[in-house]
Amino acid sequence: MDVLKKVQIKEQEPEVRVNNFEEVCLGYSIEEAIEEGSRCIQCKNPRCVKGCPVSIDIPGFIKKIVDKDIKGAFEVINEYSSLPAVCGRVCPQEVQCEQVCIRGIKGEPVAIGKLERFTADWARENNVMPESKSTPNGRKVAVIGSGPAGLSCARELANWGYNVTIFEALHEPGGVLVYGIPEFRLPKERVVKPEIENVKALGVKIETNVIVGKTVTIDELMDVEGYEAVFIGSGAGLPNFMGIPGENANGVFSANEYLTRNNLMKAFDRTYDTPIITGGRVAVVGGGNVAMDAARTALRLGAEVTIVYRRGESELPARTEEVHHAKEEGIKFMFLTNPKEILVNENGWVKGMKCVRMELGEEDSSGRRRPVEIEGSDFVIDVDSVIMSLGTSPNPLISSTTKGLETNKYKCIIADETTGMTSREGVFAGGDAVTGSATVILAMGAGKAAAKAINQYLKSKDS
Amino acid sequence: MLDNNTYTITRKEKLANSIYLMDVKAPRVASHCYPGQFVILMVDEKGERIPLTICDYDREEGTVTIVFQALGNSTKMMADLEVGDGFRDFTGPLGQKSEFVDMPDDELKQKKILFVAGGVGTAPVYPQVKWMKEKGLDVDCIIGARSKEFIILEDPMKEHAKNVYITTDDGSYGMKGNVNDAIKYLINDKGKTYDIIVAIGPMIMMKYVCILTKELGIKTIVSMNPIMIDGTGMCGACRLTIGDEIKFACVDGPEFDGHLVNFDEAMNRLSMYRTEEGKDQLREKEGDTHHHKGCQCHDN
């Protein structure tokens with residue numbers, strides 16, 4: 001074993017996996033996990049724990065793996081995180097725990113993410129489930145949204161004995177875990193559903209098809225239905241468009257639409273009724289994880305795919321592993337390129353996209369260098385579909401129907417960074433609904449922090 | 001296992017060949033919905049999310065009334081359900097209420113309103129007419145369809161509208177002609193004047209009504225029915241060009257100022273998933289009457 005390198009993990013070969021929606025990464029075997037775990041130096045002052053948004057005792061769970069006590073490893077993780085099988089798969093470890101791992105100074109960091117994934121998968125496959133910890137206190141708390149923020153908040157509250165109901169607008173719980181992240185990164189039946197069942201096993205109820213703000217309001221939940229506190233984890237589902245000519249032509253989709261059709265409505269499966277456009281030449285505009293997801297989905301549906309991104313490769317915000325997998329699968333990348341117009345044929349369908357070359361100028365407020373058009377460098381690419389993957393903003397549905405809930409100019413709910421308290425008493429918020437689109441783990445961290453604050457708030461109400 | 005019950009069908013009526021009415025038990029939706037809004041339902045796990053504008057609601061019974069035409073696979077599956085069966089999912093109310101709902105009574109009572117209902121569009125017109133009657137307003141309503149067998153909700157409409165004018169393309173019932181002919185008849189021959197026209201029906205019908213009413217200078221409200229996926233503002237599939245802005249029908253609509261709607265673009269987008277099989281079906285069902293200038297459902 002080379003202690004400076006990660007134990008290589010099995011993955012589906014690119015030529016095979018571009019024709020299926022099965023998970024790309026096949027996970028570690030127990031022997032591989034132990035071998036990888038033994039690379040961990042068990043630092044006295046573990047930096048990885050600080051790098052984790054929910055402060056998982058990483059050396060703690062890794063030691064259990066090395067001691068072959070996988071159940072014990074799961075119990076350690078479970079203290080801190082309610083969705084380890086999800087996070088092990090989708091966290092950007094390379095900018096979190098693994099970025100600060102000491103092993104990573106001389107060689108590759110410990111494969112913390114893959115070890116978390118291994119532990120969670122083992123627990124699920126061996127029917128190890130988290131147990132309900134405390135006695136019910138009968139006090140009701142409403143959680144809005146069954147994505148990572150909501151699930152995480154609900155779990156913490158249930159563990160403290162609260163009677164929690166999650167209200168979900170869609171017909172399936174999970175939020176981005178179900179509609180946004182594709183099957184080949186995060187299997188729905190095999191991985192997401194059991195994680196959600198674990199939360200429900202603690203007594204949490206999930207009511208689907210309830211759109212808070214329309215089907216019921218926060219005022220009604222609190223004044224009529226007896227919920228003493230509310231956590232808003234409604235995410236950031238509103239898609240951004242460029243506003244360029246031709247954007248409403250047939251064949252132009254937001255990444256949200258494309259992915260929702262394929263992930264939530266399972267359009268890739270012919271036995272499901274919702275259709276999706278397949279094949280042809282597709283341009284995906286954007287460079288984040290969602291753009292990678294949309295591109296790799298279109299590829300699997302038979303298309304020739306090009307990612308069009310206005311900055312350079314090193315500026316791509318997507319997870320390194322996703323970019324790497326996308327390249328292996330044959331997705332082309334056009335960097336320093338920005339669309340200007342979508343060209344439409346007589347039948348109202350996309351026939352091409354006019355683009356312009358960019359160069360990087362001064363840094364903008366996000367710290368990244370601003371892309372600037374190079375005059376006169378217009379050119380046309382031949383495509384018949386375009387997927388706009390430009391980011392999403394919070395849906396104003398709740399804020400526009402709840403009195404006293406303040407939002408900022410980006411439609412994000414204003415909430416305290418540590419407690420999630422909003423401008424409305426008893427109402428807390430966290431995740432993408434507050435920060436704008438970010439990550440699963442940050443949403444979970446916010447849900448967890450808000451649960452703690454809600455517990456303190458409700459306890460203080462009594463005294 | 002989810003903690004909802006299925007949404008049970010408590011009443012089913014066949015209004016016309018392939019057009020059905022159902023009352024669905026959905027208490028949360030029934031207690032919050034208003035005219036102009038819509039629901040989204042799913043028959044089963046593999047079905048599509050189907051948007052339908054609300055036809056009626058009973059807040060005490062906790063039921064919502066929907067009307068639909070069984071044209072494609074999804075709606076045919078719906079048509080096969082009977083009283084006692086249920087929908088797996090049923091959510092709403094989505095979209096904005098009709099603008100009348102929040103209008104002060106004294107302002108509303110001064111309006112002279114004409115409702116123009118085309119085919120299945122009669123269903124979402126009905127709750128608005130009912131609303132007017134409950135507010136003490138006299139309104140006129142044109143119900144138009146291809147032929148007599150497709151005229152629906154005539155009696156309920158007559159209970160609530162002051163005057164109901166029926167028109168059929170083939171003259172088999174009421175006047176002979178389309179809804180535009182009926183509008184012209186009311187204005188030119190019967191000397192009627194209106195402040196507002198509410199026109200709901202197939203997009204092509206609404207487009208041509210708006211062309212006429214723009215000439216006549218009468219404000220017209222339409223209810224758009226683009227393709228939708230989630231219906232909550234998440235995907236943008238239902239986006240429309242209204243004036244020089246992009247709006248989402250599921251969040252900003254479904255009702256809009258008809259004179260600002262880019263109908264051609266909307267009709268084009270409606271054809272995106274039309275399969276060859278579907279086009280043959282449509283041709284078979286609608287015969288020659290669906291051929292309008294600009295109709296997007298066949299190849300150019």
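Student: In what order do the strands of the open sheet of 7 strands in chain B come?

Tutor: Keep in mind that this is a predicted model. The sheet in chain B is open and its pairing is mixed. Reading across its 7 strands, the order is 12-11-10-9-13-14-17.

Student: Which strands stand at the edges of that sheet?

Tutor: Look for strands with a single partner strand, so that one side of each is left without a neighbour in the sheet. That picks out strand 12 (175-176) and strand 17 (255-257) of chain B.

Student: What about strand 9 of chain B: how many of its residues are buried?

Tutor: Let's take the two faces in turn. On one side sit I113(B), F115(B) and A117(B), and on the other L114(B), V116(B) and G118(B), with both faces covered. Strand 9 of chain B is largely enclosed by the rest of the structure, because the number of its residues that are buried is 6 of the 6.

Student: Which residue stands opposite V116(B) in strand 13 of chain B?

Tutor: Strand 9 and strand 13 (residues 196-200) of chain B run parallel and are joined by 5 bridges. Opposite V116(B) in strand 13 of chain B you'll find A199(B).

Student: And in strand 10 of chain B, what is the bridge partner of V116(B)?

Tutor: Strand 10 of chain B covers residues 140-145, and its pairing with strand 9 of chain B is parallel, over 5 bridges. Within strand 10 of chain B, V116(B) has as its bridge partner I142(B).

Student: Is the crossover from strand 9 to strand 10 of chain B left-handed or right-handed?

Tutor: Follow the chain out of strand 9 of chain B: it passes through helix 4 (residues 122-134) before reaching strand 10. That makes a β-α-β crossover, and its hand is right-handed.

Student: Moving along the sheet, which residue in strand 14 of chain B is the bridge partner of V198(B)?

Tutor: Strand 13 of chain B pairs with strand 14 (residues 219-223) in the parallel sense, over 4 bridges. The bridge partner of V198(B) in strand 14 is I221(B).

Student: Over in chain A, which are the edge strands of the sheet with the order 8-16-9-10-11?

Tutor: This one is an open sheet of 5 strands with parallel pairing. An edge strand here pairs on one side only. The two that do so are strand 8 (252-254) and strand 11 (332-334) of chain A.

Student: What is the bridge partner of V308(A) in strand 11 of chain A?

Tutor: Strand 10 (residues 304-308) of chain A pairs with strand 11 in the parallel sense, over 3 bridges. In strand 11, V308(A) is matched with M334(A).

Student: At what angle do helix 9 and helix 17 of chain A pack?

Tutor: Helix 9 spans residues 148-159 and helix 17 spans residues 440-462, with their axes 7 Å apart. By class, their contact has 9 nonpolar, 2 polar and 2 charged residues. The crossing is right-handed, and the packing angle is about 35°.

Student: Last one: is E98(A) buried or exposed?

Tutor: E98(A) lies in the loop between helix 6 (84-90) and helix 7 (103-106) of chain A. Leaving aside residues up to four places away in sequence, E98(A) touches several others, including K6(A), Q93(A) and P109(A). Its relative accessible area is 9%, and the cut-off is under 20%, so E98(A) is buried.

Definitions and conventions:
Residues are numbered from 1 along each chain as its sequence is written. Chains are lettered from A and ligands numbered from 1 in the order in which they are written. This is a predicted model: local features need pLDDT of at least 70, side-chain atom pairs count only at pLDDT 80 or more; totals for chains, interfaces and linings use all residues. Side-chain values use heavy atoms; hydrogens and water are left out. Axes are lines fitted to C-alpha atoms, for helices over the stretch in contact, and angles run from 0 to 180 degrees between N-to-C directions. A crossing is left-handed if the near helix is turned anticlockwise from the far one by less than a right angle, and right-handed if clockwise. Ala, Val, Leu, Ile, Met, Phe, Trp, Tyr, Cys and Pro count as nonpolar, Asp, Glu, Lys and Arg as charged, and the others, Gly among them, as polar. Two strands pair if DSSP finds at least two bridges between them. Buried means under 20% relative accessible area, exposed over 50%, partly exposed in between (1.4 Å probe, protein chains only). A crossover is right-handed if, with the strands pointing away from the viewer, the path from the first strand over the helix to the second runs clockwise. Contact means heavy atoms within 4.5 Å.
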